[in-house]
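Got the model loaded in your viewer? Let's walk through it one selection at a time, beginning with a pair of charged side chains.

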Amino acid sequence: MKKSVLREYAKLIVRCGINVQKVDGGNPNLVLEGASFEVYRPATEAEILAGVGLVRLEGISAQLVKVSFFDNAAMTGSKVTTVTTDANGKATIYGLAYGTYYLVETEAPDGYNKLTKPQMFVIDDASHTEAKTIVVANT
């Protein structure tokens with residue numbers, strides 16, 4: 001395929017987002033600021049053959065790669081690899097292609113423990129809605 005055709009095809013890939021809500025495990029009405037997360041996806045066959053940037057996470061049999069994404073709805077500026085919950089306990093991840101991903105907590109709010117396992121989520125045509133918010137409860 002010509003490069004111009006590939007560029008046009010890449011524009012057609014649907015990009016969506018997901019909302020994350022961090023709450024206290026004992027009181028889900030208590031939202032938590034300061035939790036940081038990274039996102040991973042299953043590696044493609046080409047990425048596995050290249051062997052660069054592959055990651056294994058406990059409890060996940062697939063080889064994974066870290067994902068970069070936007071932290072704003074306009075999907076402008078530089079992509080990031082970490083998102084942190086705000087004063088409302090919320091963080092939003094934008095610019096992900098449809099597929100399966102894993103959310104990994106890299107830093108817990110003061111006085112709380114990080115999640116011990118990655119949380120799987122799926123990006124689809126409804127994943128950005130409030131009804132599909134990933135609620136992460138910690139103790």
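Select Asp124 and Lys132 and show their side chains: the two meet in a salt bridge, 3.9 Å from N to O. A salt bridge here is a side-chain nitrogen of Lys or Arg within 4 Å of a carboxyl oxygen of Asp or Glu. Asp124 is partly exposed, with a relative accessible area of 22%, and Lys132 is partly exposed too, at 41%. For those labels, buried means under 20% relative accessible area, exposed over 50%, and partly exposed in between (1.4 Å probe, protein chains only).

Some housekeeping before the next click. This is a predicted model, in which local features need pLDDT of at least 70 and side-chain atom pairs count only at pLDDT 80 or more, while totals for chains, interfaces and linings use all residues. Residues are numbered from 1 along each chain as its sequence is written, and side-chain values use heavy atoms, with hydrogens and water left out.

**Zoom out: the whole chain**

Switch to cartoon. The protein chain has two helices and eight strands, and along the sequence they run α-β-β-α-β-β-β-β-β-β. Helices (H or I, at least four residues) and strands (E, at least two) are DSSP runs, numbered from the N terminus. Of the 139 residues, 34% count as buried. Colour by surface next: the accessible area comes to about 8,300 Å², of which 53% belongs to carbon and sulfur atoms. That area comes from the Shrake-Rupley method with a 1.4 Å probe; for residues, only the protein chains shown count as cover. If you draw a contact map (contact means heavy atoms within 4.5 Å), residues 24 or more positions apart account for 62% of the contacts with a separation of 6 or more.

**More charged pairs**

Side chains of opposite charge can pair when their charged atoms come close. By the cut-off above, there are five salt bridges in total.

Go to Glu105 and Lys22, whose closest N and O atoms are 2.7 Å apart in a salt bridge. This pair links distant parts of the chain: Glu105 sits in strand β6 (residues 99–107) and Lys22 in strand β1 (residues 15–24), 83 residues apart. Buried or exposed: which is Glu105? Glu105 is buried, at 4% relative accessible area, and Lys22 is buried as well, at 0%. Select what surrounds Lys22: leaving out residues up to four places away in sequence, its contacts include Leu30, Phe37, Thr85, Gly89, Pro109, Val136 and Asn138, along with Glu105.

Now pick Lys90 and Glu130, another salt bridge, with the closest N and O atoms 3.7 Å apart. Here Lys90 is in strand β5 (residues 90–97) and Glu130 in the loop between β7 (119–123) and β8 (134–138), 40 residues apart. Lys90 is partly exposed at 36%, whereas Glu130 counts as exposed at 53%.

**Into the core**

Hide the surface. The largest nonpolar core has 19 residues, and those with the most contacts inside it are Val39, Ile93, Leu96, Tyr101, Leu103 and Phe121. A nonpolar core is a set of buried Ala, Val, Leu, Ile, Met, Phe, Trp, Tyr and Cys residues joined through side-chain atoms within 4.5 Å. Which elements give two or more residues to this core? They are β1, β2 (36–42), β5, β6, β7 and β8, with β5 giving the most, at four residues.

Centre on Leu103. Leaving aside neighbours within four places in sequence, Leu103 contacts Val20, Phe37, Glu38, Val39, Ile93, Pro118, Gln119, Phe121, Ile134 and Val136. Apart from the 19-residue core lies another, of six residues, among them Tyr40, Ile60, Tyr102 and Val104.

**A three-strand sheet**

Select β5, β1 and β8: they form an open sheet in that order, with mixed pairing. β5 and β8 stand at the edges with a single partner strand each, so one side of each has no neighbour in the sheet. Two strands pair if DSSP finds at least two bridges between them; β1 and β5 pair in the antiparallel sense over six. To see how they line up, click Arg15, which stands opposite Ala97 in β5.

**Last stop**

Finish at Met75, in the loop between β3 (64–66) and β4 (83–84). Check the backbone torsions: Met75 is not a glycine, yet has a positive phi of about 50 degrees. Met75 is partly exposed, at 33% relative accessibility.
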